[in-house]
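Q: Got a minute to go through this model with me? I'd like to start with the strands and then move to the charged pairs.

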Amino acid sequence: MRNLRRGREILAVLRRYGLAEGLIRAQRLPLRDWIKDRAGVPLSQYSRVQRVRMAMTELGPTFIKVGQVLSSRPDLVGTALSDELKRLRGSVRPDPIERVRETLAAELGPDFYNHFQTIDPEPLATASIGQVHRATLANGDKVVIKVQRHGIDRIMRQDLEVLAGLAQLAQRVDTLAMWGPAAMVRQLSPMITNELDFQREKSNLKQFAELLSGQQNEIAIPRVVDDLCTRRVLVMDELVGTSLAHDIASGTSAPEFTSDAETLGSRLASVYLKMVFEHGAFHADPHSGNLMRVRDGRLGILDFGMIGRIDEALRESIEEMLLAIQAGDRRRLTRLIRIVGQPRVDLDEAALEIDVSDFVDTYGRQSLGDFDLTAALNQLSDILHQHGIGLPNQSALLLKMMISLEGTLRELGVGFDTLDVVRSQLRTVMLRRLSPTRRLRQARRVYLENEMLLEEGPEQVLGLLKQARSGQLQVRLEPMRLPRVINRLVVGVMASAVFLGSSLMLAYEVSPVLFPATTVFGMTRLSVLGLLGVLSSITIMALTCVAIFRSDA
């Protein structure tokens, strides 16, 4: 009820873009082209995935951010929708400089201007959550200020509450419930709300500056100004150079940069794969707008609001998957997909193994020069989506990072083979797996797990035996669709009882009656209650049969 108004707005937009769905099927309907977008193009001429993107754009910052997050989850939405959502841009109107100053005063104090010589009133960049302004500190250092948009926190939390409510309604629709919309919203919400806290991004910047400190001559990461960073304000050094997106758009390389394209591509791929295989933490959004050529020749990395972290067990599973693809081991890859992913209870393992075999046959033995990593990852995502296998957030972020990285390299026109770097990393992986240090660490972990099992196992077994002896042990079974089947059974029994009782009322001519003294079409002294009961029970039984036939259950 608190979000009723916003919920109605969201439903109105979704209904607006969903109306054309039915009209497309009615090709001869004369009014099918009356519903148009703002440019005057009939909505019926757009595909479903295009209308999803258009609806998210119209719904505002929260849904733009949700769409951008979903664009990294082809395992959930499929590659077609994922590719379309990558076109989403937070083309929102920037807050005026007066609002920016109000936010700075609220976060840094009313005397915030003492920290700065100048603040550029024109934003350098604008996104759905914040905007960036150039500034000069009191000591003359050039910095950029990332300021959260006014009221975006309240708007996003409200929209996420509405989304959670809509997801609960979607759970009641069989065709939507199979994808777990409620669980999907629960999984995506923390990823979105985390970006509202710039303190997290500050922590990420400092962590990656430390992790990559050995590559300071190659990689540049902005240094944060601790005293001027809050939950809604982030102040950091300005990296002077041009973004790779600018290079791609212009199609030229500035001569003042010392790094050529091949060196840049090699550095870009190696540093990201090193993040994954050595550090277990990686920058999750390496698109060309977040990467730049710094004037001193280094590769600059921006926007650490979204990062991925993988623990040792997940990293080893991913390494084993890469080794299985390289070796063409279908069964091992299928088993690892089930372990790493989150399969449905009704997973068809035979069909999954057939699809995985086809995947391995296609990509497992391709030569380095012919291997298309993006196509391979997209096909793997389609397999996961087709079989309803979700991925943990961190695995999905890794998949997104690999696809974005490969796409950026291709946009640059860099003739650099990412798979070659992956395989070189696998050689390092094998050496690390055979190292005595790893074996000792693995033995220690196994010992601690077994020690915990030996300590807690007997106590848990005794607890179960006590519950069984006292009659308190309960086994809960929840077969799929059982509640719905029971409800329909109860409705059918009740309708039959009403039909039987009403028939008796008709037979005994229970008052009040119709046609008490005359005969109409051979009918006389019809019980009104009996007639109503018979008609009602027949209607209920007919509707139940229709529902059963439609749902095939």
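Q: Which residue in the turn of the S9 and S10 hairpin has a positive phi?
A: Glycine 297, with a phi of about 95 degrees. The hairpin has four residues between S9 and S10. Keep in mind that this is a predicted model.

Q: In what sense do S9 and S10 pair, and over how many bridges?
A: Antiparallel, over three bridges. S10 covers residues 299-301. Leucine 291 stands opposite isoleucine 301 in S10.

Q: What about S7 and S9, which sense there?
A: Strand S7, residues 241-243, pairs with S9 in the antiparallel sense. Three bridges hold that pairing too. Threonine 242 has arginine 293 in S9 as its bridge partner.

Q: What is the strand order in that open sheet?
A: S5-S10-S9-S7, four strands with mixed pairing.

Q: Why is one side of S5 and of S7 left without a neighbour in the sheet?
A: Because S5 (219-220) and S7 stand at the edges, each with a single partner strand.

Q: Are the residues on the faces of S9 buried or exposed?
A: Buried, on both faces. Leu291 and Arg293 lie on one side, Met292 and Val294 on the other.

Q: Switching to S3. How many of its eight residues are buried?
A: Seven. The strand spans residues 130-137 and is mostly covered.

Q: Which strand do seven bridges join to S3?
A: S4, residues 142-148, running antiparallel to S3. Glutamine 131 stands opposite valine 147 in S4. Their hairpin has four residues between the strands, and glycine 140 takes a positive phi near 95 degrees.

Q: And how many bridges join S1 to S3?
A: Three, with S1 (residues 116-119) antiparallel to S3. Isoleucine 119 has alanine 135 as its bridge partner in S3.

Q: How do S2 and S3 pair?
A: Antiparallel, over two bridges, with S2 at residues 125-126. Alanine 125 stands opposite valine 132 in S3. A hairpin of three residues joins S2 to S3.

Q: Charges now. How many salt bridges does the structure hold?
A: It holds 15. One of them pairs glutamate 238 with arginine 134, at 2.8 Å from N to O. That pair links distant parts of the chain, 104 residues apart. Glutamate 238 sits in the loop between S6 (233-237) and S7, while arginine 134 is in S3.

Q: Is glutamate 238 buried or partly exposed?
A: Partly exposed, because its relative accessibility is 21% and the buried class stops under 20%. Arginine 134 also counts as partly exposed, at 38%.

Q: Which residues are linked with Lys146 in a network of salt bridges?
A: Glu201 and Asp303. The closest N and O atoms of lysine 146 and glutamate 201 are 2.8 Å apart. Those two residues are 55 apart along the chain, lysine 146 in S4 and glutamate 201 in helix H9 (residues 198-211). Aspartate 303 meets lysine 146 at 3.9 Å, N to O. That contact spans 157 residues, with aspartate 303 in the loop between S10 and S11 (307-309).

Q: Why does lysine 146 count as buried?
A: Its relative accessibility is 15%, and buried means under 20%. Glutamate 201 is buried as well. Aspartate 303 is partly exposed, at 32%.

Q: How many disulfides does a search of the whole structure find?
A: Zero. Among the cysteines, cysteine 229 is buried at 7% relative accessible area, and cysteine 545 is partly exposed at 39%.

Q: Where is serine 357?
A: In helix H14, residues 349-363. Serine 357 is buried, with 16% relative accessible area.

Q: Which backbone oxygen does the side chain of serine 357 reach?
A: That of glutamate 353, at 2.8 Å.

Q: Last topic, the whole protein. How many helices and strands?
A: There are 20 helices and 13 strands. Of the 553 residues, 42% are buried.

Q: And how much area does the protein expose?
A: About 30500 Å², with carbon and sulfur atoms supplying 57% of it.

Q: Of contacts between residues at least 6 apart in sequence, what share join residues at least 24 apart?
A: The share is 67%.

Conventions. Residues are numbered from 1 along each chain as its sequence is written. This is a predicted model: local features need pLDDT of at least 70, side-chain atom pairs count only at pLDDT 80 or more; totals for chains, interfaces and linings use all residues. Side-chain values use heavy atoms; hydrogens and water are left out. Buried means under 20% relative accessible area, exposed over 50%, partly exposed in between (1.4 Å probe, protein chains only). A polar contact is a pair of N or O atoms within 3.5 Å; within protein, one must be able to donate a hydrogen and the other to accept it, and residues adjacent in sequence count only if both atoms are side-chain atoms. Two strands pair if DSSP finds at least two bridges between them. Contact means heavy atoms within 4.5 Å. Accessible areas come from the Shrake-Rupley method with a 1.4 Å probe; for residues, only the protein chains shown count as cover. A disulfide is a pair of cysteine sulfur atoms within 2.5 Å. A salt bridge is a side-chain nitrogen of Lys or Arg within 4 Å of a carboxyl oxygen of Asp or Glu.
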